[in-house]
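The following note sets out several points for consideration alongside the model. Please read each point with the structure open.

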Amino acid sequence: MAASRATAVKVSRKKPAKATTAPAVRKRPAACATDWAKLGQIGEAIWGVYFHGCQFPAWSYESLGRGELEEHAKSVVLYYQTGASLKEVKKLATQREPANIAMNRCYDEDGLEELFGYRRGAYAEGGEDRLLPNIAVYCLTPMRSARGEQVNVHVINVVGYAFDSDEQPDYRYFFPLHSQPAKWEELVQCMQQMWRYVFECARRKGLRRVFLADVGGGAFSGGKMGLERYARTSYVALKEASLPPVQQEYESDIEVHTLPRVPDFCFSEEGRPLLEDSLLVNAWDPWSMVGNGNKADNSLDGFFGRCTAMAVLCWPKTNPHIKWETVGPRVTR
C-alpha cells in the first residue's frame, strides 16, 4: 500500500457533538493506580476537536475509559535518536494536531487551545535553519474490521519527511536538494535513522517479520515540486540510498515484505496467522495524532487510524505508560 497523504474527502468543518471539557491531567506517582476513566475522558475531549468525519474510532476512547486497553497501553514505546533532547521529543509527541492533511488543519483550533493549551503542533518550531528530531512510536493495538472482528497487531508508526507543501518545515530545511549535495547526504542519513527505528523495534520486540511501506513516498514526496523534480533526488533514489544499508544489518533475523492492504490483510487467511510475530509499518505524519484524518484521509495513516486505537494509545496525554527509548547512531547535523 502506498504511504501517501491524500486530500481529505467530504470533510465537514462542523465539530462533532460529543466534544467535552478536558479534565485536568495531574502528574501522579508511578505507584498510583491508573485512572482509566479520566484518560477516557481526555480521549473523548480530543476526539471532539476533530472536524466531523475526521475522528479516530469512538470505541477506542470508550475502551480506554473502561480499562480494557491496559495491556496495549503498557506495550507502547516511543523511539528517538540517540543524543536528541528527551524534553523536546516529549513535546513533539505530546503537542500534536488532531488532523493535518497537506497543511490543511482539520480540527477546531480554538477548541484545541481551550482544552489543551495550544493551537498548532510542536513541529512548527522547525524550519529553514532547524530540523526537529525524528521520532517513531510502537504499539500493540486492537484492530477492528468492518464486520466487527478484532485482532491484535504490532505496528510501528514512523515519520517520513514532508515535502508536499513548501510551507512544510522539512521542505524549508532541505530544499533545493539538487543544488545542495550536503543536504541530500543529510536527508539520506535521516532516512536511514527512520528505517533503523523499524528494524531495531522488530529486533527488540522479538518480531521476525517486517511489512514495509514506502514511508515518505507518494504525495509526501511532493511530486514535481519536491523529490520527483530530478531523478537523482527522487523518492526511489532516496529509498535505494537509505534502506539497503540498514536492512543488511538485520537480514540474519528479520524478513522483509511489502505491506499489503490494511486492514484487509490482517483479517485474511494469509495474514491473520502471521500477526503474532510480524511488525507492520505505518507512515505517520509529523504534525498529527496517529491516524491523521482517519476515514476522511485516504493515506496509509488514515487506513490504520480508522480501524485501531493508536490515536489514544500513542498520545502521552491519554497514555501515561509510554516508554521512551533511544536508537543510535546519532545523525550528524
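1. Helices (H or I, at least four residues) and strands (E, at least two) are taken here as DSSP runs, numbered from the N terminus. On this basis the chain holds 10 helices and nine strands. The model is predicted: local features need pLDDT of at least 70, side-chain atom pairs count only at pLDDT 80 or more, and totals for chains, interfaces and linings use all residues. Residues are numbered from 1 along each chain as its sequence is written, and side-chain values use heavy atoms, with hydrogens and water left out.

2. Of the 333 residues in the chain, 57% are buried (under 20% relative accessible area, with a 1.4 Å probe and protein chains only). Contact means heavy atoms within 4.5 Å. Among contacts between residues at least 6 apart in sequence, 76% join residues at least 24 apart.

3. The largest nonpolar core (buried Ala, Val, Leu, Ile, Met, Phe, Trp, Tyr and Cys residues joined through side-chain atoms within 4.5 Å) has 110 residues, and Ile156 and Phe174 touch the most other members. Helix α7 (residues 181-205) supplies the largest share of this core, 12 residues. Beyond its neighbours within four places in sequence, Phe174 is in contact with residues including Leu131, Tyr161, Phe163, Leu187 and Cys190. Its partners also include Gln180, Lys183 and Glu186.

4. Asparagine 134 lies in the loop between α5 (109-116) and β4 (135-144). This residue counts as buried because its relative accessibility is 4%. The side chain of asparagine 134 reaches the backbone oxygen of valine 159 at 2.9 Å, a polar contact (N or O atoms within 3.5 Å, one able to donate a hydrogen and the other to accept it). Leaving out residues up to four places away in sequence, asparagine 134 touches Tyr79, Tyr80, Gln81, Val159, Tyr161, Met194 and Tyr197.

5. In helix α2 (residues 58-65), the buried residues are Trp59, Ser60, Tyr61, Ser63 and Leu64. These pack against α1 (36-47), β4 and α10 (310-313). Just after α2, glycine 67 adopts a positive phi of about 75°.

6. A pocket is an open set of points on a 1 Å grid where a 1.4 Å probe fits, with protein on both sides within 12 Å along at least five of seven lines; lining residues have an atom within 4 Å of a point. The second largest pocket has a volume (the space filled by probe spheres set on the points) of about 180 Å³. Its lining consists of Ser145, Ala146, Arg147, Pro263, Asp264, Phe267, Lys295, Arg306 and Cys307. These divide into four nonpolar, one polar and four charged residues, with Ala, Phe, Cys and Pro among the types counted as nonpolar, Asp, Lys and Arg among the charged, and Ser as polar.

Definitions and conventions
Buried < 20%, exposed > 50% of the residue type's maximum accessible area, 1.4 Å probe, protein only.
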